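This report goes through strand pairing, salt bridges, disulfides and the main pocket of one protein chain. Please keep the sequence and the 3D view at hand while reading.

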Amino acid sequence: MKNDKKLIENSMNYLVCLLISILFFTSSLASPVTYNVISFGAKADGETDSSKAFLDAWAEACDSTEAVTMYVPQGRFLVGKVEFKGECQNNDITLRIDGTLVAPSDYNIFGNADNWILFEHVNGVSINGGTLDGQGSGLWTCKKTGKSCPSGATTLEFTNSNNILISGLTSVNSQMFHIVINECNNVKAQGVKVSASGNSPNTDGIHVQSSSGVTILNSRIGTGDDCVSIGPGTTNLWIENVACGPGHGISIGSLGKEQEEAGVQNVTVKTVTFTGTQNGVRIKSWGRPSTGFARNILFQHVIMNNVDNPVIIDQNYCPDEKNCPGQASGVKISDVTYQDIHGTSATEVAVKFDCSSENPCSGITLDDVNLTYKNEPAEALCSHAVGSASGFVQPNSCLV
């Protein structure tokens, strides 16, 4: 009898422990707290200014000690300039967007601001889905007329932030840059779509500067400037499976605008396709003294479809050909590899290395490059470029 009692007690204890474990486990899997912007007064009519509702929802999310989702349902939400700032109480905030955030159609409202939507000093923020509509076409038209116009705002900027995920986001018709990553660490942008007219001015798709550990994957970018632009101070950048066009290609630079400038290093660009772009893979620097550099760069598995300048290093960069410095670039470019680059050039010169007379490009490697112009071998031009070629290389290498 005593043994039976003990057995029952042990069984009961086991069941209690099991129940507590199940409750603890299920609670740990429970959905995070969700703040719907509608609950804070946002209107999905595309006309009512919902800026305050978004900022109020962010304030609650930032103050929460639990994982939080800030939810934007379907519909069009008019939002003015907003700044989502940390430091926050938790490192797990998701902005889930099923709808569209729309900028004011009057570009004067924040056209002289640096950005429309800013995240600053945040950690562990994710943006999932949704569309950001910068309504920038009016400003583009203004700029083309030569009138006095605002410079335009970046649609989305992360600055001084860490552990960021941007997934499945669409950015259309930005006034200026679409997405800027500035002074950040560990950022992943995946499944991003950028869309703007091919003649929209200064509408870079994704601009990275002064940041480390940024990854850009599985994205489609068509815009009026660089699909991806890589500014000073960028290190350990990985770009893979990106389709670019229209646009100005994937560009490191411009570098050397400042005399004292951080360098760019450890950049991989692989499995990318350029269609009808002004450039393919480009490194550009101004012709003036600078402490800047670009080194340890890999361009790999690249397809060019009718690209004006498929492979280019331009160390006399001066886009408007006005007030050009006209000096030798101080930016040192070294250890750049072009591997498995194939396709068609829209111009006769498919490979152009116009390097600095005082700081020649060094360690340039061409490996399995095949670029044609009108079904004939294209040409290559080199100036102050030192390196080597291996495998099948067409046009013939001009490296020394």
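Glu240 has Lys270 of β22 as its bridge partner. This is a predicted model. The two strands concerned, β20 (residues 235-244) and β22 (residues 264-275), pair in the parallel sense over eight bridges. On to the next strand: Lys270 also stands opposite Gln300 in β24. Strand β24 covers residues 293-307 and runs parallel to β22, with ten bridges joining the two.

**Salt bridges**

The whole structure holds eight salt bridges. Lys85 takes part in one with Glu83, at 3.3 Å from N to O, and in one with Glu120, where the closest N and O atoms are 3.7 Å apart. The pair of Lys85 and Glu120 links distant parts of the chain, from strand β5 (residues 82-85) to strand β8 (residues 115-120), 35 residues apart. Burial varies along this group: Glu83 is partly exposed at 33% relative accessible area, Lys85 is partly exposed at 41%, and Glu120 counts as buried at 18%.

A further salt bridge joins Asp226 and Lys284, with 3.3 Å between the closest N and O atoms. Here too the pair links distant parts of the chain: Asp226 sits in the loop between β18 (212-222) and β19 (228-230), Lys284 in strand β23 (residues 279-286), and they are 58 residues apart. Are these two residues buried or exposed? Asp226 is buried, with 2% relative accessibility, and Lys284 is buried as well, with 4%. As for shared partners, salt bridges join Lys81, Glu83, Lys85 and Glu120 into one network.

**Disulfides**

The structure has six disulfides. Three of them are listed here.

| Pair | S to S distance | Torsion about the S-S bond |
|---|---|---|
| Cys62 and Cys88 | 2.1 Å | about -105° |
| Cys227 and Cys244 | 2.1 Å | 80° |
| Cys355 and Cys361 | 2.0 Å | -100° |

The link of Cys227 and Cys244 is right-handed. Cys227 lies in the loop between β18 and β19 and Cys244 in strand β20, so this disulfide ties together parts that are 17 residues apart in sequence. Both ends are buried: Cys227 has a relative accessible area of 0% and Cys244 has 3%.

The disulfide of Cys62 and Cys88 is left-handed. Cys62 and Cys88 are both buried. The link of Cys355 and Cys361 is likewise left-handed; Cys355 is buried at 3% relative accessibility and Cys361 at 0%.

When the bonded cysteines are numbered in sequence order, the pairing reads 1-2, 3-4, 5-6, 7-8, 9-10, 11-12. Why does Cys184 not bond to Cys88? The closest cysteine sulfur to that of Cys184 is in Cys88, but it is 14 Å away, too far for a bond. Cys184 is also buried, at 1% relative accessibility.

**Largest pocket**

The largest pocket has a volume of about 1000 Å³. It is lined by 35 residues, and those closest to its centre are Phe177, Asn202, Asp204, Ser254 and Tyr317. At least two lining residues come from each of β11 (154-159), β17 (206-209), β21 (250-255), β23 and β25 (309-317). By type, the lining of the largest pocket comprises nine nonpolar, 14 polar and twelve charged residues.

Definitions and conventions: Residues are numbered from 1 along each chain as its sequence is written. This is a predicted model: local features need pLDDT of at least 70, side-chain atom pairs count only at pLDDT 80 or more; totals for chains, interfaces and linings use all residues. Side-chain values use heavy atoms; hydrogens and water are left out. Two strands pair if DSSP finds at least two bridges between them. Helices (H or I, at least four residues) and strands (E, at least two) are DSSP runs, numbered from the N terminus. A salt bridge is a side-chain nitrogen of Lys or Arg within 4 Å of a carboxyl oxygen of Asp or Glu. Buried means under 20% relative accessible area, exposed over 50%, partly exposed in between (1.4 Å probe, protein chains only). On a 1 Å grid over the protein atoms alone, a cavity is a set of points where a 1.4 Å probe fits but cannot get out, and a pocket is an open set with protein on both sides within 12 Å along at least five of seven lines; lining residues have an atom within 4 Å of a point. Grid points are joined across faces, edges and corners, and a volume is the space filled by probe spheres set on the points. Ala, Val, Leu, Ile, Met, Phe, Trp, Tyr, Cys and Pro count as nonpolar, Asp, Glu, Lys and Arg as charged, and the others, Gly among them, as polar. A disulfide is a pair of cysteine sulfur atoms within 2.5 Å.
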